[in-house]
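Let us take a walk through this protein together, one part at a time. Have a look at the sequence and the 3D view first, and keep both at hand as you read.

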Amino acid sequence: MKNLVETLFILGMIFLHTYSFGQSNNSGLKVPKTYLDFFISAVGTDLNYGNSNSALKDFKKSAQGIQIGLSLQTGIASHFSLVPELSFIMRGGKLKANNPLTLDESTVRFYTVEVPVLARLHLGKFHLNAGPSLGYNFHGTQKLDGTTTDLSFKNETGGYKHFDAGLQAGGGLTFKIKQKRAVLDIRYCYGLTNVSYDKEVYNRSLLIRLHVSK
């Protein structure tokens, strides 16, 4: 967590410096263009169990999912843009059999609508972005010892919370596919909200995304 906060702080300072430079040196400097992108991504997700995470680390496995959505890049100043997004994402985590939490092999999945708002620094064809994200878990399942059941989103034992919040940070590359603009974007999502009512459960995700626009 400390390293992530330090990284975001450094990126924030870079963004502020870039913005100030752009405001005072507007002549000849280009503001990034505005694009509305459709994207699809492969998602590698994991769950962090807070104080119990170290005891579970040898039993944890990542869960693979997908993310699809829209991304709006809006140029603000030289080398700088804001990027709000709206997406559907599948995430969660797996535990091997004989683990201390569920004993049996288990897979938890959340089906989430997510809205991040990122600050993006453009460095030629490359970019860096970071910012907060809000999510709403509208459905979820747990597969336990081969049997799949729906998650409860009530304040009770075994219940989960609808709302989630976190930070995202990463970077990417812009290139051409035929006559279309394409963006490869890789980022890490660090969940800050405990999404469980009776234990510690935090979402973690690694996103590898391809954006396409005209």
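Before we start, one term will help: strands here are DSSP runs of E with at least two residues, numbered from the N terminus, and that numbering is what a name such as β8 refers to. Please also keep in mind that this is a predicted model.

How many helices and strands are there in the protein? There are two helices and 10 strands. Read from the N terminus on, their order is α-β-α-β-β-β-β-β-β-β-β-β. Of the 214 residues, 43% are buried. If you take the contacts between residues at least 6 apart in sequence, 66% of them join residues at least 24 apart. On the outside, the protein exposes about 11500 Å², and carbon and sulfur atoms supply 62% of that area.

Now to the pairing of the strands. Strand β1, residues 35-48, runs antiparallel to strand β3, residues 63-77, and 11 bridges join the two. One place to find this pairing is L36, whose bridge partner in β3 is L72. β3 is also joined to strand β4, residues 80-95, by eight bridges, and this pair runs antiparallel too. Here G75 stands opposite S81 in β4. The hairpin of β3 and β4 has two residues between the strands, and H79 takes a positive phi near 65° there.

Further along, β5 and β6 pair in the antiparallel sense over 16 bridges. F110 has G140 in β6 as its bridge partner. Two residues lie between these strands in their hairpin, and G124 in the turn has a positive phi of about 70°.

Which other strands pair with β6? Strand β7, residues 147-150, does so in the antiparallel sense over four bridges, and β8 does so in the antiparallel sense over 11 bridges. You can trace the β7 pairing at Q142, which stands opposite T149, and the β8 pairing at P132, which stands opposite L167. The hairpin of β6 and β7 has two residues between the strands, with a positive phi of about 55° at D145 in the turn.

Let us turn to the inside. In soluble globular proteins, nonpolar side chains tend to be buried together. In this model the largest nonpolar core has 11 residues: L47, Y49, L56, L95, V108, F110, L151, F153, Y160, V195 and V201. F110, which we met opposite G140, is thus a member of this core. To see the surroundings of one core residue, look at L47: leaving aside its neighbours within four places in sequence, its contacts include V108, F110 and V201, along with N53 and K60.

Finally, what about empty space? Rolling a probe the size of a water molecule over the atoms shows where such space is left. The count comes to one cavity of 30 Å³ or more, and the largest cavity holds about 90 Å³. Its lining has 15 residues, with R91, E114, D164, A165 and G166 the closest to its centre. β6, β8, β9 and β10 each give two or more residues to this lining, and the largest share, five residues, comes from β8.

The largest pocket has a volume of about 560 Å³. Among its 19 lining residues, K33, Y35, H122, G124 and T174 lie nearest its centre. Two or more lining residues come from each of β5, β6, β8 and β9, and β8 supplies the largest share, three residues. G124, then, is found both in the turn of the β5 and β6 hairpin and in the lining of this pocket.

How values were computed:
Residues are numbered from 1 along each chain as its sequence is written. This is a predicted model: local features need pLDDT of at least 70, side-chain atom pairs count only at pLDDT 80 or more; totals for chains, interfaces and linings use all residues. Side-chain values use heavy atoms; hydrogens and water are left out. Buried means under 20% relative accessible area, exposed over 50%, partly exposed in between (1.4 Å probe, protein chains only). Contact means heavy atoms within 4.5 Å. Accessible areas come from the Shrake-Rupley method with a 1.4 Å probe; for residues, only the protein chains shown count as cover. Two strands pair if DSSP finds at least two bridges between them. A nonpolar core is a set of buried Ala, Val, Leu, Ile, Met, Phe, Trp, Tyr and Cys residues joined through side-chain atoms within 4.5 Å. On a 1 Å grid over the protein atoms alone, a cavity is a set of points where a 1.4 Å probe fits but cannot get out, and a pocket is an open set with protein on both sides within 12 Å along at least five of seven lines; lining residues have an atom within 4 Å of a point. Grid points are joined across faces, edges and corners, and a volume is the space filled by probe spheres set on the points.
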